[in-house]
Amino acid sequence: MASLVAQLAFPSDYNRRVWEDPSFIKWRKKDAHVSLHCHDTVEGSLRYWYERNKVDFIASSSAVWNDDAVVGALDCAAFWVKGLPFVKSLSGYWKFYLAPGPTSVPMNFYDSSFEDSTWETLPVPSNWQMHGFDRPIYTNFVYPFPLDPPHVPTDNPTGCYRTVFHIPHEWKGRRILLHFEAVDSAFFAWINGVPVGYSQDSRLPAEFEITDYCHPCGSDKKNVLAVQVFRWSDGSYLEDQDHWRLSGIHRDVLLLAKPQVYIADYFFNSNLGENFSYADIQVEVKIDNSLETSKDSILNKFSIEAELFDSAKWHDSDEYCDLHSSSVAHMELDSSSSTAIFGFLGYVLVGKLESPKLWSAEQPYLYTLVVILKDEFGKVVDCESCQVGIRQVSKAPKQLLVNGHPVILRGVNRHEHHPRLGKTNMESCMVKDLVLMKQNNINAVRNSHYPQHPRWYELCDLFGMYMIDEANIETHGFYDSQHLKNPTLESSWASSMMDRVISMVERDKNHACIISWSLGNESGYGPNHSALAGWIRGRDSSRLLHYEGGGARTPSTDIVCPMYMRVWDIVKIAKDPTETRPLILCEYSHSMGNSNGNIQEYWEAIDNTFGLQGGFIWEWVDQGLLKVGADGAKHWAYGGDFGDIPNDLNFCLDGMTWPDRTLHPAVHEVKYVYQPIKISLSESTLKITNTHFYETTKAMEFSWTVCGDGCRLGSGTLSLPIIEPQSSYSIEFESGPWYSLWASSSAEEHFLTITAKLLQPTRWVEAGHVISSTQILLPAKREFVPHVIKNKDAPVSGEILGNTIRVYQQNFWEIQFNTQTGTIESWKVGGVTVMNKGIFPCFWRAPTDNDNGGGAKSYVSKWKAAHLDNLSFITESCSVQNITDHPVKVAVVYLGIQKGEENSLSRSENPKVLLKVDITYTVYGSGDIIMECNVHPCSDLPPLPRVGVEFQLEKTIDQIKWYGKGPFECYPDRKAAAHVGVYEQNVGDMHVPYIVPVECSGRADVRWVTFQNKDGFGIYASMYGSSPPMQMNASYYSTAELERATHKEELIKGDDIEVHLDHKHMGLGGDDSWSPCVHEKYLIPAVPYSFSIRLSPITAAITGYDIYKSQLQN
């Protein structure tokens, strides 16, 4: 050991490169344990949690995502130790030097006398790449260095840190512990020039006792803490997660002061009695005794007890609260038990809690546990405390049960990510995540793919969130290695893997929110995993085990937990009688860019198939980092933007929110499929179902609205009896308050919307928040009659001017057709130019990330191979009828061929015609144009991106009102949440600013739409005849521009507004983003299509609704 200490003391001598030795994962590091708070009174413990639990949704309003977060993170570190007199945060600005590798660090930089005045400063906690040192690297699973385990490159940026501290006089006689909450990836630490320890594992604490190396309490001498952090270590081979690779001391550094004999760890558990009428409660306590006396002799000088307090009662009144009076159970040493009930030696305290209030995500009821160590005179020596929940996690055939109920996990995967801070955390930002999750009906989170900040668990306990806690193990980059064995299959890596699992479990074991432990992510499967599973099952039988590797169905998982499995396959497994475990998708619905299509299909299956219990969407946040752009402003960057090689480009942008937690439009769909109140109409019965497992509808107010053809006919409160959990209430349609309005209405279609709102504020939202909202199409009262123009025609004037036909009605509208191309060259309304280019057939869209996924098999590859991205429409013929009469008819035949082959027609050659489109314009005196379109694709084309028309509007025609799905972006396979109604937005607000521009801003099922300027002049468009509703899009950015730009800030607005009206638009997909996976019913096969569109001039004197109604048949 002496020689090893010598090597550690002189890091410039690297004969033994311990950071490349998987058998050397720690030195002088204390055993993992729960977070310690080091109180010396019960009152102090209770007061701490009283203050700590005051957090609610208001805290989220102070979340910041820019440079202000740097100071905010330091403020948070100070806030987190408030009320802890024997805990000191060392956060602040430390001296910092970044060496290119371990052999280049300044000689003896750890000595107290080392001169560091020329060094720069760096905030701690932070990632050094977020402050201009080194560069961030983003890869999905490719290791950022050559695979040569356990070796890492000699080009291994190494951070040298120095700071100073004093030991408070009040800490005299106590033991001093140095606690690092997390450091990426491995580090040495010195106190006053003496090496005190080494550790690796970038996401869990390392703690060292430094009592003997510090200057005495009250001394004027400054203690010098020096830390050497390696960017890469052998541990990096176990940390190949899909996120930014960032380094440094990214969580807080603490000093803890403990008495000579202290509470070092404790494990709370509860066993619910019959009908949950009582709970047997136990806590196993570990005592650290510096005198190294026997376990029995400690009991001669000390006593151990524990108390459970009903902390929910503390906030029942604004007046002073007697915290001690909330005691509900006392636990004493179980002298009858010779061994700990958990299978690990320790002091076991037992007690009983009558009529416990149970914890669940719906009702996160918490108690405060205080463990007390007293000396032989009865004086309190040490107190440790935490929040605990009484709940039971168990298994049944094909079910995971919480308190006996098969809860459904409506989940999401969450990386720790801040666009300015990287991996460093702030309380307000964590609260923001939880508030948004809860408000959008998310009830479960998977910590992907590592243990997260300790405060995250406290908040999940408090706000109510089921959790899968995942070990910091991933070796995905070995999957494609042909010559190297996965480390997780090697016995030499077993101890390192085991240490990570043990450390996770021991730190987090008292958190009620955790219902399952995970062995890690995408690391294959082998005997090491069996060992990990065996240890956890032996240590903690109160939770289930999760691991997807090896096919998601190995003996090391209690849950069948596949990722990105298709709907039909999960149903097949659920119906397999030989599979007795529940199926919960650990990842599904890949949220990359404009995505999350098909998610309603998953939830139709989950809601109706026994054995399916939910899943976790990938993922919560777009992992963009702030970077100064060429324009001097900061923008969100992705892989490769920092010159990082290798990189996986924008694959990190696959979240439900932007980096600043602004919600993507797809979140509306998630909230809808996750909503706990389900509404259905079957024949004449409206059924309202409460899918909660614990909450009744007592705290909700139900309301109804009925609309006809987009106009509100009436609304009101819906009086319902309280609906118990997992129960329904039915209303006969004819007895509902909406019936008379529906019966007397002459509208063509009617929609009934039922909404459930919260009556009272909660920890996570204000009163009035909408929990569930469902729109139902009511039965048609008469047979549908195709739409036709009903009004009497007005006279029309027309003339031929060379190659132009001018059709007009004096002082109202004027349309000019080009007789050579058959296109509209100009359309004026009230003398104002509204359309300046169009109308053309359109079959192309700016590819989405899902369109691009799949290499040669991707939709984009097939489209480009078929030249759909490179179409040129040439006019085969254009004929004009009735120019002197009305209505005027213009018939055009377009041939879609590959660009560049236009001249071959003039040479009498026959280029391949990919699409033939016949368009007939019928122009009425009213100014109405009826477009009848017939599309004839070549039969060997792949599924088409869209079938429709596009045209350009003058830039001032920017006010859009539509009757269709909305108000937010929606597409054919992602529109369940969007309600049919009349909505209004300007063109700029329609745009959805995905970080990488793609097809966006669409609105589904549009019956009619108006495009007008501020004075009301513009055009109206609607479905016509028997054509179905349209997919509509309008943008300042052309399709070509969306396809060209690689970052949203690169987008350049065009000189006009590009409008698309689609008869068919392909779905977005989202089952994953690396294979073509749009469901078949949302594809557009290359077959003939026919559709009609009505276009009309419009002014401020008339509305789109008026025009729409004028064409309806009675």
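Helices here are DSSP runs of H or I with at least four residues, strands are DSSP runs of E with at least two, and both are numbered from the N terminus. This is a predicted model, where local features need pLDDT of at least 70, side-chain atom pairs count only at pLDDT 80 or more, and totals for chains, interfaces and linings use all residues. Residues are numbered from 1 along each chain as its sequence is written, and side-chain values use heavy atoms, with hydrogens and water left out.

**Exercise 1. Place Pro1029 and describe its surroundings.**

Step 1: find the loop. Pro1029 sits between β53 (1018-1023) and β54 (1030-1035).

Step 2: check the cover. Buried means under 20% relative accessible area, exposed means over 50%, and partly exposed is in between (1.4 Å probe, protein chains only). Pro1029 has 28%, so it is partly exposed.

Step 3: list the contacts, meaning heavy atoms within 4.5 Å. With neighbours within four places in sequence set aside, Pro1029 is in contact with Asp1005, Val1006, Arg1007 and Met1023.

Step 4: try a distance. From C-alpha to C-alpha, Pro1029 and Gly640 are 42 Å apart in space, and 389 residues separate them in sequence.

**Exercise 2. Work out how the radius of gyration of the protein fits a compact globule.**

Step 1: get the rule. The radius of gyration is taken over C-alpha atoms, and the globule rule is 2.2 Å times the number of residues to the power 0.38.

Step 2: apply it. For 1114 residues the rule gives a value near 32 Å, and the protein has 33 Å, so the two agree.

Step 3: add the box. Along the principal axes, the C-alpha atoms fill roughly 110 × 70 × 55 Å.

Step 4: look at what is inside. The protein has 18 helices and 56 strands, and 63% of its 1114 residues are buried. Of the contacts with a separation of 6 or more, 74% are between residues 24 or more positions apart.

**Exercise 3. Find the backbone oddities at Pro150, Glu619, Asn275 and His867.**

Step 1: recall the usual pattern. Most peptide bonds are trans, and most residues other than glycine have a negative phi.

Step 2: look for cis bonds. The peptide bond from Pro149 to Pro150 is cis, with omega near 5°; Pro150 is in the loop between β5 (137-139) and β6 (158-165). Another cis peptide bond joins Trp618 and Glu619, with omega about -10°, and Glu619 belongs to the loop between β29 (612-617) and β30 (625-628).

Step 3: look for positive phi. Asn275 has phi near 60°, in the loop between β14 (261-272) and β15 (278-289). His867 is not a glycine either, yet its phi is about 65°; its loop runs between α14 (859-865) and β44 (871-881).

Step 4: check the cover of these two. Asn275 is at 69% relative accessibility, so it counts as exposed. His867, at 27%, counts as partly exposed.

**Exercise 4. Explain how helices α10 and α11 are covered.**

Step 1: start with α10 (residues 599-608). Seven of its 10 residues are buried, among them Tyr602, Trp603 and Ile606.

Step 2: name the cover. The buried residues of α10 are covered by elements including β23 (409-414), α9 (567-574), β28 (583-588), β29 and α11 (666-674).

Step 3: turn to α11. Seven of its nine residues are buried, so α11 is largely enclosed by the rest of the structure. Val667, Lys671 and Tyr674 are among the buried ones.

**Exercise 5. Trace the polar contacts of Asn650 and Ser503.**

Step 1: learn the rule. A polar contact is a pair of N or O atoms within 3.5 Å; within protein, one must be able to donate a hydrogen and the other to accept it, and residues adjacent in sequence count only if both atoms are side-chain atoms.

Step 2: start with Asn650, in the loop between β31 (634-637) and α11. Asn650 is buried because its relative accessible area is 13%. Its side chain makes a polar contact with the side chain of Asp849 at 2.9 Å. Leaving out neighbours within four places, Asn650 is in contact with Met592, Tyr638, Asp849 and Val996.

Step 3: move to Ser503, in helix α7 (residues 494-508). At 9% relative accessibility, Ser503 counts as buried. The Ser503 side chain reaches the backbone oxygen of Asp499 at 2.8 Å. Not counting residues up to four places away in sequence, Ser503 touches Ala32 and Leu204.
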